[in-house]
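Reader: I have a chain on my screen and would like to talk through its charged side chains. Could you walk me through them?

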Amino acid sequence: MEDFSKELSEMTIEEVLKRKAELEIEIRSAENTENLEDMDKKIELIEARISELKEIEERAKAKEELENGAKGKIKEKREEEHTMTIAELRDSVEYRKAFAKAILGNDDTELRALLTDNVEGTVPVPTFLDTEIKNAWENHALMSLVKTTNYKGNIKVGFEYSSTGASIHVEGTDALEGTTVDMLDYIYKELAQKIAEKAEEVLIDKIVASPAASTTTACGVPVLAENPAVDTVVKAVAMLSAQARNLNIAMNRQTYPMFVSLALKAGYAIDVFDGLKDKIVFTDKLKAFSSASATDTYMIIGDFGYGAQKNLPNGNDLTIKIDDKSLAEKDLVKIVGREYVGIGVVAPNSFVKVNKVNEG
């Protein structure tokens, strides 16, 4: 750390801030935990250097004002303790450690003490965790296509209904050991991903359960009862409304080879995917055609950005509860994550369900 401290002592505040940003990127993208403790220490040194440089800058400014004949009498001032903004606090190593202690020990006394003059009510997560939760939604193959709103209160948007409340991830106790950054990053990344996957399941279930024709309480999702053929996708697309423009195909990966085989047999004389080959989203939430029963939906075609909606009333807020008792006899810890999400089909004829039919 001596060399690193020397390096910081020769940097300007702009260079130190740039180095901090680079180091935080390294922390988030680290594939192992070997160097994370050192990185945490480097962050602490960087923050100390930033405070030092700011103090030097303030003294220089005061000196300049004095030399330029600043108005008013010169008075001795006590050095006032710097009160961090909530954004600075959430980004500090001290806050990360207190937050981790609150989660693992179910005691937020230390965390609340840090927040006394900064925030009331809900305890916000450390800044870098916001990114992990946001990424879970934005990087999910299917849910990233669905439009997002952040309406609060007991409301219903279009034909929206509430989804299930939580997703549970069970992991061995060793997953809780490691540096502060590593532990929090692991937990939030895993839980946020599980919730996004659960949201995908809920959305597909709602599309499948939608009536073929719209009613006063539900949007219609037409049904094409047909087994894979060279013109199946073309027929399904023709059943969509004119407003469904940005189309995707959702199917189980095991269904895909059946359509490729059809194209091969036809000598590629027809595009079996109707120009949507690059817009296929694979999902395990739909059964493969080979394992589906008659009337089961094995493919969904439609505009997920226009026809579906997810409402996150609390934004990316994710609450966590640690349960070290329920699975204690198995030497396991249960971690429960909860994020409020409303999911629904909100536009008629924005999707088409392609269902299996009996052969022969």
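Author: Gladly! Contact here means heavy atoms within 4.5 Å. Please keep in mind that this is a predicted model.

Reader: Leaving aside its neighbours within four places in sequence, which residues is Lys235 in contact with?

Author: Lys235 has its place in helix H9, residues 232-238. Leu224 is 11 residues away from Lys235 in sequence, with 7.9 Å between their C-alpha atoms. Beyond the neighbours within four places in sequence, the contacts of Lys235 are Leu224 and Glu226.

Reader: Thanks! Which residues are linked with Lys235 in a network of salt bridges?

Author: Lys235 forms a salt bridge with Asp231, with the closest N and O atoms 3.7 Å apart. Asp231 is partly exposed, because its relative accessibility is 27%. The network of salt bridges links Lys235 with Asp231 and Glu226.

Reader: Is Arg59, which meets Glu55 in a salt bridge, buried or exposed?

Author: The side chains of Glu55 and Arg59 come to 2.5 Å, N to O, in their salt bridge. They are four residues apart in helix H3, so about one helical turn separates them. Glu55, at 27% relative accessibility, counts as partly exposed. For Arg59 the relative accessibility is 56%, and over 50% means exposed, so Arg59 counts as exposed.

Reader: And in which helix do Lys198 and Glu201 both lie?

Author: The side chains of Lys198 and Glu201 meet in a salt bridge at 3.7 Å, N to O. Lys198 has 29% relative accessibility and therefore counts as partly exposed. The two residues are three apart, about one turn, and both lie in helix H8.

Reader: How many salt bridges does the structure hold?

Author: Those of Glu55 with Arg59 and Lys198 with Glu201 are examples. For the structure, the number of salt bridges is seven.

Key:
Residues numbered from 1 in each chain as written. Predicted model: local features only at pLDDT ≥ 70, side-chain atom pairs only at ≥ 80, totals over all residues. Heavy atoms only, no water. Salt bridge = Lys/Arg side-chain N within 4 Å of Asp/Glu carboxyl O. Buried < 20%, exposed > 50% of the residue type's maximum accessible area, 1.4 Å probe, protein only.
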